[in-house]
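User: Hey, got a few minutes to walk through this one with me? I'll throw questions at you as I scroll around.
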Protein chains: 2
Amino acid sequence: MIARVLAAELPAHIGERVRVAGWVHRGRELKSVTFAIVRDRSGLAQVVMSGPAPTEETVVEVTGLVTANPKAPGGAELTEPVLVVLGEAVTPPPFDLYRPTVSATLPTILDSAPVTLRHPRLRAQFEIAAASVAGFRAALDGIGCTEIHTPKIVGSATESGATVFGIDYFGRRAFLAQSPQFFKQAMVGVFERVYEVGPVFRAEPHDTARHLAQYTSLDAEIGFIADHRDVMAVLRHAIAGMLERAASRESAVSLLGAELPEVPAEIPSIHFAEARQLLGGKDEVDLAPTDERFLSEWALREHGSEFLFVTGYPMAKRPFYTQPEPGNPKYSNSFDLLFRGLELVTGGQRLHRHADYLAALEQRGESPEAYQSYLEVFAHGMPPHGGFAIGLERWTARLLGVANIRQTTLFPRDLHRLTP
Amino acid sequence: MIARVLAAELPAHIGERVRVAGWVHRGRELKSVTFAIVRDRSGLAQVVMSGPAPTEETVVEVTGLVTANPKAPGGAELTEPVLVVLGEAVTPPPFDLYRPTVSATLPTILDSAPVTLRHPRLRAQFEIAAASVAGFRAALDGIGCTEIHTPKIVGSATESGATVFGIDYFGRRAFLAQSPQFFKQAMVGVFERVYEVGPVFRAEPHDTARHLAQYTSLDAEIGFIADHRDVMAVLRHAIAGMLERAASRESAVSLLGAELPEVPAEIPSIHFAEARQLLGGKDEVDLAPTDERFLSEWALREHGSEFLFVTGYPMAKRPFYTQPEPGNPKYSNSFDLLFRGLELVTGGQRLHRHADYLAALEQRGESPEAYQSYLEVFAHGMPPHGGFAIGLERWTARLLGVANIRQTTLFPRDLHRLTP
């Protein structure tokens with residue numbers, strides 16, 4: 001059998017008989033001729049045939065002669081075709097997949113994700129997401145990180161009891177991990193530098209465009225840092241790697257008209273206290289969404305950067321394991337990375353001394369017993385360390401200007417949605 | 001501050017003052033001199049000092065003069081050291097991490113994983129695992145696969161109701177996914193070729209050396225195949241990629257004395273019926289563990305291969321979505337890959353026509369309603385496809401000759417174990 005050729009490769013085979021395979025993206029029957037556009041993972045191929053075209057989304061294999069035609073996609077088309085149906089489409093898609101824009105509403109897209117995501121624009125978003133993840137890994141592999149895989153079932157809900165999913169674990173109560181925080185810190189003790197790409201779970205009771213019950217977290221944790229600024233440098237390196245790979249998906253980027261940002265060699269940063277001054281001087285311990293937008297615009301105006309680090313968040317708003325700012329313990333050695341008006345990443349330096357953990361828990365009035373397994377790690381000698389977590393779906397949404405992260409999630413899970 | 005140098009890089013810095021950082025792996029106080037061996041992610045560095053050595057596992061930063069010494073690890077040591085403690089070790093490890101072999105029992109290792117995994121031999125296993133995963137991805141990226149991230153919370157337990165974890169999902173009943181089977185098949189309709197590396201969950205009530213409640217599944221699914229043999233070729237390619245990367249971790253491989261197998265250009269294969277003949281001709285529908293060992297030995301003897309495909313497993317033992325063998329529907333277009341006496345991978349060609357799914361469910365007396373979301377995929381035109389899943393922990397265990405997969409899992413979860 002003739003080896004399969006991808007649609008995008010057709011121009012290199014003019015004059016040859018080749019076999020392509022894919023989905024009938026569109027059939028157009030004119031008076032004397034029928035055009036069937038076949039879609040495969042590389043793009044579109046035009047097949048010139050007679051008689052009726054197969055129903056759209058039928059899977060076909062077409063053997064034909066590659067013929068130059070400047071009007072065809074890529075400048076070549078298949079003539080004298082022999083067409084074999086590999087898989088019938090018995091139900092039409094909920095909207096026409098061949099139209100350049102997506103006309104359906106978000107619920108329609110999500111309800112029929114296995115077919116609606118075939119639309120080239122929707123598909124392209126997930127190509128960018130996959131490339132971003134590959135770039136994240138490549139950047140961190142390049143600086144000596146080790147990839148880890150940690151438990152998603154945990155015995156206690158340390159991060160925030162309110163938004164955790166409970167599991168019946170062989171008759172015992174267990175929980176879905178809200179983050180790999182404990183494990184990635186522990187593994188700094190083994191590998192110094194680690195990352196994990198995996199699902200995290202939040203029983204998020206709010207129905208917003210920014211929250212999901214499961215998302216993909218790109219987590220990193222780095223040992224032997226001087227302070228949080230070393231973590232920020234690693235994050236900058238990771239983001240640059242993600243963008244480099246995303247940019248390499250040229251056809252997806254161009255189809256989506258995505259404007260990929262420049263990453264400054266050093267991303268500008270502003271201390272939380274200074275940021276609050278800029279915002280009018282109110283003594284708040286957090287930034288409102290409008291504040292984040294204001295600061296992002298400020299960074300673009302003042303520094304020409306779509307990224308901005310806000311450092312030194314008040315300890316009152318950070319988890320107990322956060323390293324306070326030396327000499328100013330109201331603030332912390334932590335940061336948020338704002339991107340295009342929104343918080344994209346949270347990170348910082350962690351405590352690393354056993355005694356500091358005990359003191360931090362006591363100060364918050366929490367019992368060390370509840371954290372026994374976590375505290376054990378720091379009894380065995382841990383270096384100064386810190387890390388961050390990037391939400392993949394949020395990253396893709398901001399990068400591509402998509403308003404709702406459900407649209408950058410293959411099969412989102414939220415308060416109302418458990419299928420498909 | 002002088003930039004940090006890794007232990008393994010010391011020989012390149014003889015005559016310079018450098019800074020190393022790591023854990024005090026071992027202190028040896030002799031009459032006139034003290035040796036402190038510092039362990040970092042690259043290896044060991046010998047520090048020559050006076051007075052008592054810090055407690056083992058203390059995290060230190062040492063600035064000193066790199067001096068040639070053929071007896072030191074790597075042929076260089078640090079003299080005239082200035083030592084700063086970065087993190088105290090307040091509790092000793094449960095066993096001496098500096099001894100070449102691990103003397104502790106498995107429960108001790110697992111109970112204190114954050115510190116016991118610092119032992120170079122235990123750590124090396126996870127380096128090999130991480131390299132294997134990187135090799136899996138690189139091999140599949142190289143043939144046009146797209147990486148996907150799918151839900152781990154699902155609305156129905158399609159694969160096997162008996163061994164599924166239930167979740168309270170906002171007051172509704174939901175389950176932890178036992179595999180990404182549904183999603184990866186659906187995504188063949190979008191990307192043609194996909195893979196996912198992620199956790200899968202089995203409420204496995206048996207306390208064996210082979211089963212865990214959570215493991216890391218390396219899943220692939222490939223569209224536009226002729227039959228299961230195309231899937232076997234992709235699996236062979238993936239395994240070769242995993243081994244290539246594993247081999248590149250030379251120090252880990254050598255420390256463990258791991259004997260990495262050769263992958264034949266074409267892995268030998270035997271049909272299930274023929275295998276049963278070889279085993280004495282009993283009309284069984286499955287292979288017992290002793291049978292798998294026998295066949296593995298046979299493949300090594302007859303074909304010089306540590307890998308063996310057994311194809312054509314009886315449909316009675318395969319899930320309903322399996323493609324039957326053309327002309328012989330008692331058997332299936334599926335396979336197991338045996339490696340060193342054990343089943344390592346299961347895979348095969350799936351049904352791809354909507355009507356075939358309906359018929360297969362009817363034949364098994366199951367209701368299509370329970371599979372509605374799954375069946376929907378095949379109503380929209382799907383190509384012939386198939387795939388496989390490799391259990392990462394099992395792979396690493398077989399590769400390194402480890403008897404219990406708990407030992408190749410960072411933080412195993414089983415019937416009894418939910419911490420650390």
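User: Which residue just after H11(B) takes a positive phi?

Analyst: That's B:Gly401, with a phi of about 70 degrees. Keep in mind that this is a predicted model.

User: OK. And what about helix H11 of chain B itself, how many of its residues are buried?

Analyst: 9 of the 9 residues in helix H11 (residues 392-400) of chain B are buried, so the helix is largely enclosed by the rest of the structure. Among the buried ones are B:Trp395, B:Glu393, B:Arg394 and B:Arg398.

User: Switching to the sheet in chain A. What's the strand order?

Analyst: The order is E6-E10-E11-E18-E17-E16-E13-E12 in chain A, an open sheet of 8 strands with mixed pairing.

User: Which strands stand at the edges?

Analyst: Strand E6 (146-147) and strand E12 (269-271) of chain A. Each has a single partner strand, so one side of each is left without a neighbour in the sheet.

User: Let's look at E18(A). Is it mostly covered or open?

Analyst: Mostly covered: 6 of the 7 residues of E18(A) are buried.

User: How does E18(A) pair with E17(A)?

Analyst: Strand E17 (residues 342-350) and strand E18 (residues 385-391) of chain A pair in the antiparallel sense over 6 bridges. You can follow the register: A:Gly347 stands opposite A:Phe388, A:Gly348 stands opposite A:Gly387, and A:Arg350 has A:His385 as its bridge partner.

User: And how many bridges does E18(A) have with E11(A)?

Analyst: 7 bridges, and that pairing is antiparallel too. There, A:Glu221 is the bridge partner of A:Gly387. That puts A:Gly387 between two strands' worth of partners, with A:Gly348 opposite it and A:Glu221 bridged to it.

User: Going the other way, what joins E17(A) to E16(A)?

Analyst: 6 bridges join E17(A) to strand E16 (residues 334-339) of chain A, and the two run antiparallel. A:Asp336 stands opposite A:Thr346 there.

User: What does the hairpin between E16(A) and E17(A) look like?

Analyst: There are 2 residues between the strands, and A:Arg340 takes a positive phi near 50 degrees in that hairpin.

User: Which strands does H4(A) lie across?

Analyst: H4(A) lies across E6, strand E10 (193-201), strand E11 (214-223), E17 and E18 of chain A. The helix runs at about 160 degrees to E10(A).

User: New topic: the two chains. How many residues are in contact?

Analyst: 75 residues of chain A are in contact with 75 residues of chain B. Helix H4 (residues 181-191) of chain A gives the most to the side that touches chain B, with 5 residues. By class, that side of chain A has 39 nonpolar, 19 polar and 17 charged residues.

User: What turn lays chain A on chain B?

Analyst: A turn of 180 degrees with a shift of 0.0 Å along the axis, and the RMSD is 0.0 Å. That's the relation of a two-fold axis.

User: Which C-alpha in chain A is nearest the axis?

Analyst: The C-alpha of A:Ile167, 2.4 Å from the axis. The same surface serves both copies, too: 100% of the contact residues of chain A recur in chain B.

User: Last one. What are the domains in chain A?

Analyst: The domain assignment gives domain 1 (7-87) and domain 2 (114-408). Taken over C-alpha atoms, 46 Å separate the centres of domain 1 and domain 2 of chain A.

Terms used: Residues are numbered from 1 along each chain as its sequence is written. Chains are lettered from A and ligands numbered from 1 in the order in which they are written. This is a predicted model: local features need pLDDT of at least 70, side-chain atom pairs count only at pLDDT 80 or more; totals for chains, interfaces and linings use all residues. Two residues are in contact if their C-beta atoms, placed from the backbone, lie within 7 Å. Helices (H or I, at least four residues) and strands (E, at least two) are DSSP runs, numbered from the N terminus. Ala, Val, Leu, Ile, Met, Phe, Trp, Tyr, Cys and Pro count as nonpolar, Asp, Glu, Lys and Arg as charged, and the others, Gly among them, as polar. Domain bounds come from an automatic or database domain assignment. Copies are superposed by least squares on the C-alpha atoms of residues with pLDDT of at least 70 in both. A residue is buried if 20 or more other C-beta atoms lie within 10 Å of its own, exposed if 12 or fewer, and partly exposed in between; C-beta atoms are placed from the backbone. Two strands pair if DSSP finds at least two bridges between them. Axes are lines fitted to C-alpha atoms, for helices over the stretch in contact, and angles run from 0 to 180 degrees between N-to-C directions.
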